[in-house]
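Visitor: Hey, got a minute to go through this one with me? I'd like to talk salt bridges, then a couple of backbone oddities.

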Amino acid sequence: MIDELLKDVEARMGKSCKATEQEFSQVRAGRASTALLDSIRVDYYGTPTPLNQVASVAVPEARLLTVSPWEKPLLSAIEKAILAANIGLTPGNDGNVIRIPIPPLTEERRKELVKRVKQLAEDGRVAIRNVRRSGIDQAKQAQKGQDITEDDLKRVSDKIQKLTDRFIADLDKVLDGKIAEIMEV
């Protein structure tokens, strides 16, 4: 009972942490990254399809992305999808490949991005704390139902708090790395 609860709490905290890291990867840091285009969906014969399933995305240079569609007629649909995604990038179409230059970030834009990343990190911390609260509530319910003792409840609560501290520390490390990446000139 206790082990299952702890495994469940750890798995849910891990998912919250991974989701926050995924959101970090969507924040543009001045360098080209294929993750910038992960959220883009292209109209592929009437079906919204992830970009990476209809084209290959590459990073030939530090400030350039290239998108090579597997079918030529998709060029304009991909270009429209990138523009519609409103990610601040302007694609250029040469008839075969879409080139997306990544403009350098201004100091003001860097500060905005740092603020956004910090907010995403705080949302991640809140999600982890919500999992902690939920896990402790489940343990309290088990104690009320006579499934675990009061000592077990205390031990479980301590272990859940340690898990919370560990995942928040991991999230803070990732945040520090992302801020360094954004502020690097």
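Visitor: Which residue forms a salt bridge with aspartate 172?

Guide: That's arginine 125, with the closest N and O atoms 2.8 Å apart. Keep in mind this is a predicted model. The pair links distant parts of the chain, since arginine 125 sits in helix H3 and aspartate 172 in helix H4, 47 residues apart.

Visitor: Is arginine 125 buried or exposed?

Guide: Arginine 125 counts as buried because its relative accessibility is 14%, under the 20% cut-off. Aspartate 172 is partly exposed, at 27%.

Visitor: What other side chain does arginine 125 meet in a salt bridge?

Guide: Glutamate 122, also at 2.8 Å, N to O. Those two are three residues apart in helix H3, so about one helical turn separates them. Glutamate 122 is partly exposed, with a relative accessible area of 30%.

Visitor: Which residues are linked in that network?

Guide: Glu122, Arg125, Arg129 and Asp172 are linked by salt bridges.

Visitor: And how many salt bridges are there in the whole structure?

Guide: The search finds ten. One of them joins aspartate 158 and lysine 154, with N and O 3.3 Å apart. They're four residues apart in helix H4.

Visitor: Okay, backbone now. Where is tyrosine 45 found?

Guide: In the loop between strand S1 (41-44) and strand S2 (47-50). Its phi is near 50°, a positive value in a residue other than glycine. Most residues other than glycine have a negative phi.

Visitor: What's the phi of glutamine 146?

Guide: Near 65°, so positive too. Glutamine 146 is in the loop between helix H3 and helix H4, and it counts as exposed at 68% relative accessibility.

Technical notes
Residues are numbered from 1 along each chain as its sequence is written. This is a predicted model: local features need pLDDT of at least 70, side-chain atom pairs count only at pLDDT 80 or more; totals for chains, interfaces and linings use all residues. Side-chain values use heavy atoms; hydrogens and water are left out. Buried means under 20% relative accessible area, exposed over 50%, partly exposed in between (1.4 Å probe, protein chains only). A salt bridge is a side-chain nitrogen of Lys or Arg within 4 Å of a carboxyl oxygen of Asp or Glu.
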